[in-house]
Amino acid sequence: MPRGQLILIEGLDRTGKSTQCLNLIKKFSKSKLIKFPERSTQIGKLINEYLTNPNFKLNDQSAHLLFSANRWELNDEIEKLLNDEYFVILDRYIYSGLAYTLAKNKVDTTNDTNKDDKSKNITNSENKINLSNLEWLLTPDKGLPKPDLTLFLTLKPEEISKRKGFGQERYEQETFQENVRESFLKILNDLILKGDDSIKIIDINNMNIDTITNLLWEMIEDVGGNKLTNNPIKRI
Ligand code: T5A
């Protein structure tokens, strides 16, 4: 039975992922957009509180597991859509899960009174047990559908911080975004070097919205990502 394909748009905060996803879904005959975190579910409500309320304390390992649990909440729906020949466009997914937690390892947790309140809130753990262990970080996502194509949008953190609304949520802090960028690039480049050809890294500095949409669509067409496939769903 043919199925639709799973296309993931990844990137740092405010790189324009949602804008691009909304443009791209219109180009497929049958498509559905799913955004992570999905904040309306039981677990998604907790995640939303964590991201928007600086007084909501959660240790980093628990936060990591919640983001993964949120993906599992949507798993049945995603698999059904693919099998019903929908193209599912994901706005963030597993690589965000890995990169944001990994980036916390570089945050200085010493009690520096000069640090601003936002940077103090990025990490809440007394210890960093397992936070740099990629195998541990990936384990809760194992078994989820692997995207057929991942398009990672990269932009200079100083450009991101100029974008509308930046700074309102927990991780929207320029130094931390630089850590996240390094973590994403390390994770994705390692996978590419190991032969994973489903991942593409796209530098979108100085590109306007339409140029990016056209480029992403060309990349999707190039690998046949807009056509039904008989390949079984791969797993993380
Ligand atoms: N997170 C997430 C984890 O830690 N672990 C996980 O497992 C997951 C899934 C919230 C946070 O959760 C973390 C990462 C995040 O810190 P989110 O809700 O996806 O995740 O938060 P954001 O990435 O901030 O999502 P946004 O929807 O706010 O940003 P987008 O989607 O990247 O950007 P978008 O499209 O809303 O655009 C932002 C602004 O930029 C403009 C737009 O018009 C808009 O004003 N813009 C451009 N301006 C100039 N040139 C362009 N090319 C532009 N494209 C868009």
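What follows is a short dialogue on reading the ligand site and two backbone features in a predicted model.

Me: Let's start with the pocket. How do I find empty space in a structure, and what is the volume of the largest pocket here?

Reply: Rolling a probe the size of a water molecule over the atoms shows where empty space is left. In this model, the largest pocket comes out at about 720 Å³. It is lined by 37 residues, and D13, R14, K17, K35 and R92 are the closest to its centre.

Me: Which helices supply at least two residues each to that lining?

Reply: Look for α1, α3, α5 and α10. The largest share is from α3, with 6 residues. By class, the lining splits into 11 nonpolar, 12 polar and 14 charged residues.

Me: And where does the ligand sit?

Reply: In that largest pocket.

Me: How many residues surround the ligand, and which are the closest?

Reply: A residue goes on the list if one of its heavy atoms lies within 4 Å of the ligand. Here that gives 27 residues, with R14, K17, S18, T19 and R92 the closest. Sorted by class, this shell holds 9 nonpolar, 7 polar and 11 charged residues. On the helix side, α1 (17-25), α3 (60-73), α5 (94-103) and α10 (209-222) each give the shell at least two residues.

Me: Now polar contacts. Which side chains should I click on?

Reply: The idea is to look for a pair of N or O atoms within 3.5 Å. Try D13, where a polar side-chain atom is 2.8 Å from a ligand oxygen. R71 also has a polar side-chain atom 2.8 Å from an oxygen atom of the ligand. Then go to R163: an N or O atom of its side chain lies 3.2 Å from a ligand nitrogen.

Me: How much of the ligand does the protein bury?

Reply: For this you start with the ligand taken alone, which exposes 1,000 Å². The protein buries 83% of that area.

Me: Last topic, the backbone. Is the peptide bond from F36 to P37 cis or trans?

Reply: Omega is the angle to check, and for this bond it is near 0°, making it cis. You'll find P37 in the loop between β2 (31-35) and α2 (42-52).

Me: What about phi at R14?

Reply: R14 is not a glycine, yet its phi is positive, about 60°. R14 belongs to the loop between β1 (6-11) and α1. You've met this residue already, among the closest to the ligand.

Definitions and conventions. Residues are numbered from 1 along each chain as its sequence is written. This is a predicted model: local features need pLDDT of at least 70, side-chain atom pairs count only at pLDDT 80 or more; totals for chains, interfaces and linings use all residues. Side-chain values use heavy atoms; hydrogens and water are left out. A polar contact is a pair of N or O atoms within 3.5 Å; within protein, one must be able to donate a hydrogen and the other to accept it, and residues adjacent in sequence count only if both atoms are side-chain atoms. Accessible areas come from the Shrake-Rupley method with a 1.4 Å probe; for residues, only the protein chains shown count as cover. On a 1 Å grid over the protein atoms alone, a cavity is a set of points where a 1.4 Å probe fits but cannot get out, and a pocket is an open set with protein on both sides within 12 Å along at least five of seven lines; lining residues have an atom within 4 Å of a point. A molecule sits in a cavity or pocket if more than half of its atoms lie within 2 Å of its grid points. Helices (H or I, at least four residues) and strands (E, at least two) are DSSP runs, numbered from the N terminus. Ala, Val, Leu, Ile, Met, Phe, Trp, Tyr, Cys and Pro count as nonpolar, Asp, Glu, Lys and Arg as charged, and the others, Gly among them, as polar. Grid points are joined across faces, edges and corners, and a volume is the space filled by probe spheres set on the points.
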